[in-house]
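User: I'm new to this structure and would like a close look at one part of it, chain B. Could you walk me through how that chain is put together and then set it beside its partner?

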Amino acid sequence: MEFDILTLKPLLPELFVLTMACLILVADLYISEARRGIVHMMAMLTLVFVAILTMRSYGGAEQATVMVMNGTFVRDQMGDILKLAIYVLMAAVFVYAKHDLRHRKLFVGEYYVLALFGMLGMMVMISAASLLSMYLGLELLALSSYALVALERDSARASESAMKYFVLGAMASGALLYGMSMIYGATGSLDLLEISMAVRDLGSDDIVLAFGLAFLVVGVAFKFGAVPFHMWLPDVYHGAPTPVTLFLAAAPKLAAFAMAIRLFDLALGDMHIHWQGMLVFLAVLSLALGNIVAIAQTNLKRMLAYSTISHVGFMLLGILAGTPAGYAASMFYAIIYAIMAAGTFGMIILLSRQGVEAENLDHFKGLNKRSPWFAAVMMFLLASLAGVPPFVGFFAKLQVLSAVVDINLTWLAVYAVIMSVIGAFYYLRVIKLMYLDAPDTDEPINAPFDLKAVLTVNGLAQLLLTFLAGPIIAACGAAFGI
Amino acid sequence: MDYPLLSLLIFAPIVGGIVVLAAGESRPGLARWLALLVSLITMALCIPLLQNFDSSTAQMQFVERVMWIETFDIHYFLGVDGIAVPLIVLTAFTSVLVVVAGWEVIQTRVSQYFAAFLILEGLMIGVFAALDAILFYVFFEAMLLPMFLIIGMWGGPNRVYATLKFFLYTFFGSVFLLIGLIYLYLEGGSFSILDMHRLPLPLDAQIWLFFAFLIGFAVKVPMFPVHTWLPDAHVEAPTGGSVVLAAIMLKIGGYGFLRFSLPIVPDGSQAMDWVVILLSLIAIVYIGLVALAQADMKKLIAYSSISHMGFVTLGAFMVFQVLENGTMEAAQLGLEGAMVQMISHGFISGAMFLCVGVLYDRMHSRMIGDYGGVANTMPWFAAFAVLFSMANAGLPGTSGFVGEFMVIVASLQANFWFAFTAALTLIIGAAYTLWMVKRVIFGDVTNTNVARLKDINAREAVILSSLAIAVLALGVYPDPLIDLMHASVAHLLEQIQLGKL
């Protein structure tokens, strides 16, 4: 078979990230401790250029779907939007992380290299058009994440959570592979499109397919952190250094979303009736457990971990609808959620000082007195997470609910909103601590300018995105043909 | 109109609030004057609103419509009719008084206090002006956050409990409203409230929607048995917060019934009207009796508010039985009575809370038992307080009489027992109000604290007398208000009669 290098052009962003990650890995060896900032700049520039590369080939609403590498890799509009969102999120993550990494004496090149490899893994997952490339992307992301969690190797807590993450993650990967092998056995193909055609011929009641599907759901649910596959999430969020938690909390949700869409809609769309039931089960449990257990937390990182679980419940609601509107809603939700999550972890970093991690709720006491501006930023983020209008989190919930009501699962929508009222309580409690309580310390907030600036943008975005919601929602819709 | 008047009314206070916030905590004087200026500008914007409003038609006026979220057909869609205009004017008027009332009392975080009220004002006007259901919902919910902070930051000792209860109660109510609106959108393909008015719906769907709306608005009004957040919130809120809560936020519930429940699900409302009528009558009588037992003035007024709001919901929902057993005119009278009651209650409850605020600023107590013989040391204050109490009890010549009388007269045509039960309020209301007046204002000076009281200053006199004028004017000559809403109420009645089956 003739090989033309030009056919790899759609892969350019991935190739670029790969090259840069390797380059930074090597360059870091020759950069002294004092000039580590250069590594940070290189990582940021990588994000800028990869964004340009992706955008140059982004075709807007009429973008054609391009397959490369013998149909294992696909460039389409959904993938491009998700990737662009990931670049933006990663840039925010790097800016937030730098400050905290310095405090922890962890300001090392490995963080950036591993994060970029993790990002590459997400990009491959997003663009995967075959089970093989999907698994490769997933493992690249997972291995980078395990290593990142263990980055603070002298901390017993971090090592413990890395171990838990690794063991549970390996089991989930095993389940996923097992499921994939069953699907392969039943359909004789790894290619998602060919699988979908084979499924059509086999019919949705094929027993091997159903088994395979169940294991795939386990793998996806683990990646999302949906109940009952959520056990790792609070421990890892809590145990990992905040810059790593930040990385884990934001962008990977988008990759998990893409993975769910490619597997369930593209490959197994004809089995909708089966996976819908499973996802309803996961969503119902996630919404309840996430929102209720979060109330009992005093550690903000753990609280946000449970909050993640509840938001995953909402994302699953959109996916289980099985309609283009539902997928678009869920995609918008995932993007908005990742932005909110990045901001809240950024606030923890902002309030952290040398040796003191502001991870307990009490650290936010009286923030309004210490800094009215950042108290407002945090309030915007929390209100948006709670789904209070006019913040953009409300519009994400609105779309998902609309998709669920549209498929006549109104009871599920009612259940979801009741759970989100319960959830509103613990977000409000943080607002209460910031505004109604007296601070424990009068220490002014000391943080570099770039951290403050990006955090401000992140907070204000909750409000501004409300006004700009139209085009973003339209872009998400266009990715699914509406 | 060649300028967006309604947008100005909404965003002048919001932007003004942000400017006040920017004045910072180091310059409280500047923040106060800026806040007053902004609230006066907003009030002044009501003049062109009233001048250019054509009360001969039920059409939506000052309409603005801009595409917002195309995928869901959500518009930035504003417009007002005769039902919304009086409430907008009431909001702007009350906000000025609230700013003036907080002038000296608020000494901590001054700019945040005034900014919260101004932003709240803009959002409340937005609720009354919104014609897109999602826009309505956004304003409706966004109000909660400033109010949460107002009660929580400047409230009384038990403020955290009260403000969380307030937020979660109302948030809980409104999410059902949201599901109802989404359902309507999926049925009709539009979030425009006017399109929803025209959308035909089967009866069972209407009944489900009726309950979704009922939960949302009943919490806001509040109706028995979901009223328990109100006494807590009122007692703990600072005076300004209580005033806004009683004078305007409760009206949003009543407005919601008139804008959503009656025209969108008329047949569902007709089938289920007994629920609302029953709850309204319970509120009027039972909550009135509860008010009688209160030892805390603010709690007493809070319960009295719930009881008076019972007239609003009664007036709105007995319209079906009036139409069945009586005349069109009576139905119109009942609906207009409900509207007049809303505006009148806005003035009176606001005034009552301000009176309690005047006393509280001096004695730092809201307990009836701590007072006695205030008239001896504060004669001017006593005059105002007695006037407002009389209005609260429904004395003819004051605005409190007009609305209640209209509703009672109309209800006679629906069912004698409705009228009889509702009219009990004239006795119970007089009992709890006048008994409080007797114990607080009249009699001998009971203790040295009361003996040391100073009468109201010029600032307080301005606030109370402007409210007194409003209460008397509306009581003696309510025609301008009724004319303003007449065509819109008639149109609403048409929609109700037409049905949607």
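Analyst: Let's start with overall dimensions. Chain B has 501 residues, and a compact globule with that many would have a radius of gyration near 23 Å; the chain comes out at 22 Å, so the two agree. Keep in mind that this is a predicted model. Along the principal axes, the C-alpha atoms of chain B fill a box of roughly 70 × 55 × 40 Å. Inside that box you'll find 22 helices and two strands. Of the 501 residues, 63% count as buried. The chain also brings together parts that are far apart in sequence: take the contacts between residues at least 6 apart, and 81% of them join residues at least 24 apart.

Now for the two strands. β1(B) and β2(B), the latter covering residues 74–80, pair in the antiparallel sense over six bridges. Together they make a hairpin, with four residues between the strands. One of the bridges links B:Ile69 to its partner B:Ile74 in β2(B). In the turn sits B:Asp73, which has a positive phi of about 55 degrees.

Further along is helix α3 of chain B, which spans residues 84–101 and includes B:Ala84. B:Ala84 has 26 other C-beta atoms within 10 Å, and 20 or more is enough to count as buried, so buried is what we call it. Setting aside neighbours within four places in sequence, B:Ala84 is in contact with B:Phe128 and B:Ala129. There's a long reach in sequence here too: B:Arg259 is 175 residues away along the chain, yet the two C-alpha atoms are 9.2 Å apart in space.

B:Ile88 also touches B:Phe128 and B:Ala129. Its other contacts, again leaving out neighbours within four places, are B:Leu9, B:Cys46, B:Leu49, B:Val80 and B:Ile125. B:Ile88 stands out in another way: the largest nonpolar core has 407 residues, and B:Ile88 is one of the three that touch the most other members, along with A:Leu116 and A:Ala338. The helix that gives the most to this core is α14 of chain A (residues 324–351), with 22 residues.

That brings us to where the chains meet. On the chain B side 26 residues are in contact with 24 residues of chain A. Four elements of chain B each supply at least two residues to this side: β1 (61–69), α5 (133–142), α6 (144–154) and α7 (159–188). The biggest giver is α7(B), with 13 residues. As for the make-up of this side of chain B, there are 22 nonpolar residues, two polar and two charged.

Two spots in the loops of chain B deserve a look. The peptide bond from B:Phe224 to B:Pro225 is cis, with omega near 0 degrees. B:Pro225 lies in the loop between α9 (203–220) and α10 (229–236). The other spot is B:His364, which has a positive phi of about 55 degrees although it is not a glycine. You'll find B:His364 in the loop between α15 (328–363) and α16 (374–377). With 9 C-beta neighbours inside 10 Å, B:His364 counts as exposed.

And the partner? Chain A has 20 helices and two strands. Its 482 residues would give a compact globule a radius of gyration near 23 Å, and the value for chain A is 21 Å, which agrees. The C-alpha box for chain A is roughly 70 × 55 × 40 Å, and 57% of the residues in chain A are buried.

For a helix pair in chain A, try α7 (residues 192–202) and α11 (residues 252–267), whose axes come within 8 Å and cross at roughly 35 degrees. A:Leu192, A:Ile195 and A:Ser196 in α7(A) meet A:Arg262, A:Leu266 and A:Ala267 in α11(A). That makes four nonpolar residues, one polar and one charged in this contact.

Chain A has a cis peptide bond from A:Pro389 to A:Pro390, with omega near 5 degrees. A:Pro390 is in the loop between α16 (372–386) and α17 (392–406) of chain A. A:Lys105, in the loop between α3 (77–103) and α4 (109–127) of chain A, has a positive phi of about 55 degrees although it is not a glycine. With 11 C-beta neighbours inside 10 Å, A:Lys105 counts as exposed.

Conventions. Residues are numbered from 1 along each chain as its sequence is written. Chains are lettered from A and ligands numbered from 1 in the order in which they are written. This is a predicted model: local features need pLDDT of at least 70, side-chain atom pairs count only at pLDDT 80 or more; totals for chains, interfaces and linings use all residues. The radius of gyration is taken over C-alpha atoms; the globule rule is 2.2 Å times the number of residues to the power 0.38. A residue is buried if 20 or more other C-beta atoms lie within 10 Å of its own, exposed if 12 or fewer, and partly exposed in between; C-beta atoms are placed from the backbone. Two residues are in contact if their C-beta atoms, placed from the backbone, lie within 7 Å. Ala, Val, Leu, Ile, Met, Phe, Trp, Tyr, Cys and Pro count as nonpolar, Asp, Glu, Lys and Arg as charged, and the others, Gly among them, as polar. A nonpolar core is a set of buried Ala, Val, Leu, Ile, Met, Phe, Trp, Tyr and Cys residues joined through C-beta atoms within 7 Å. Two strands pair if DSSP finds at least two bridges between them. Axes are lines fitted to C-alpha atoms, for helices over the stretch in contact, and angles run from 0 to 180 degrees between N-to-C directions.
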